[in-house]
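Here is a short report on one protein chain. Keep the sequence and the 3D view open while reading.

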Amino acid sequence: MALKPAVKALLETMKASGAKPIYEQDVLEARAQREEVARQMQKDLRPVYEVREIYIAGKGGPLTLRMYRPNRDERLPVLVYFHGGGFVVGSVETVDDTCRALANYAQIAVVSVDYRLAPEHPYPAAIDDAYDATRWVAQNGHRLGFDPARIAVGGDSAGGNLAAGDGHSRARSRGVFDWISDADLPDD
């Protein structure tokens, strides 16, 4: 089976960098490599209508959110997106093109969350940040033109864990989504 061009380009970029495998690096080396590979792979970013940095207060300190809008629609559904990286590497930079693609193809706003990373910020720091970001978007998204009745959470790898697991469960159990009635939810 042939590799897709994007996967082949990623593997070639990683090989050409001469970097050690991530499991042989210390945390700072691994983060720098992940950021460099992202820079190399994202030279020609997809255009979107708007990209904006948003700074909010979180339980553990300030959080940076990056918002992507595919158009000027004032009632966009919104996806709160958490990057992957094993809770140790990754950032809003490493998923910039992914978030642009999601915004354009799905015609939704995307809010990418730059949550705190381990080991400097151990469990439950990332979960706290996921909750704080989701809560902030649910409470304030209308001011940015998001439809408050159409908020989703998602992510890749560790970010998918944050979205599907504790961050969403905590937000739901603490009433962030109280405006959704049980009748609005799909049957299990």
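## Phe146 and the nonpolar cores

Leaving aside residues up to four places away in sequence, Phe146 touches Met67, Arg69, Glu74, Leu76, Val78, Ala109, Val111, Val137 and Gly141. The model is predicted. Phe146 also stands out in the largest nonpolar core, which has 27 residues. Together with Leu65, Phe82, Tyr115 and Val137, Phe146 touches the most other members. At least two residues of this core come from each of β1, β2, β3, β4, α4 (125-140), β5 (146-155) and α5 (158-164). Helix α4 gives the largest share, seven residues.

Another core lies apart from this one. That second core has nine residues, including Leu79, Tyr81, Val95 and Val110. In soluble globular proteins, nonpolar side chains tend to be buried together.

## Overall layout

The protein chain holds six helices and five strands. From the N terminus, the order is α-α-β-β-β-α-β-α-β-α-α. Of its 188 residues, 44% count as buried. The accessible surface is about 10,500 Å², with 54% belonging to carbon and sulfur atoms.

Contacts reach far along the sequence. Among contacts with a separation of 6 or more, 72% join residues 24 or more positions apart.

## Helices α1 and α3

Helix α1 covers residues 5-17. Its 13 residues should span 18 Å at 1.5 Å a residue, and the end C-alpha atoms are 18 Å apart, so the two values agree. Gly18 comes just after α1 and takes a positive phi of about 70°.

Helix α3 covers residues 96-106. Its buried residues are Asp96, Asp97, Cys99, Arg100, Ala101 and Ala103. These pack against β1 (50-58), β2 (61-69), β3 (76-82) and β4 (109-114). Gln107 follows α3, with a positive phi near 55°.

## Salt bridges

The whole structure contains twelve salt bridges. One of them joins the side chains of Asp97 and Arg46, at 2.3 Å from N to O. Asp97 lies in α3 and Arg46 in the loop between α2 (27-41) and β1, so the pair ties together parts 51 residues apart in sequence. Asp97 counts as buried, at 16% relative accessibility. Arg46 counts as partly exposed, at 29%.

Asp96 and Arg100 form another bridge, with the closest N and O atoms 3.0 Å apart. Both lie in α3, four residues apart, about one turn of the helix. Both are buried. Asp147 pairs with Arg150 in a salt bridge, the closest N and O atoms being 2.8 Å apart. Asp147 is buried at 10% relative accessibility, while Arg150 is partly exposed at 41%.

## Glu53 and Asp129

Glu53 sits in strand β1. Its relative accessible area is 29%, so Glu53 is partly exposed. Not counting residues up to four places away in sequence, Glu53 touches Thr64, Leu65 and Arg66. The side chains of Glu53 and Arg66 make a polar contact at 2.5 Å. Glu53 and Met67 are 14 residues apart in sequence and 6.3 Å apart in space, C-alpha to C-alpha. A network of salt bridges links Glu53, Arg66, Glu93, Asp96 and Arg100.

Asp129 sits in helix α4. Is Asp129 buried or exposed? Its relative accessibility is 0%, so Asp129 counts as buried. Not counting residues up to four places away in sequence, Asp129 touches Leu63, Val113, Tyr115 and Arg116.

Conventions. Residues numbered from 1 in each chain as written. Predicted model: local features only at pLDDT ≥ 70, side-chain atom pairs only at ≥ 80, totals over all residues. Heavy atoms only, no water. Buried < 20%, exposed > 50% of the residue type's maximum accessible area, 1.4 Å probe, protein only. Contact = heavy atoms within 4.5 Å. Expected span 1.5 Å × (residues − 1). Core = buried A, V, L, I, M, F, W, Y, C linked by side-chain atoms within 4.5 Å. Areas by Shrake-Rupley, 256 points an atom, 1.4 Å probe, with all protein chains shown as cover. Polar contact = N/O pair within 3.5 Å; in protein donor to acceptor, adjacent residues only side chain to side chain. Salt bridge = Lys/Arg side-chain N within 4 Å of Asp/Glu carboxyl O.
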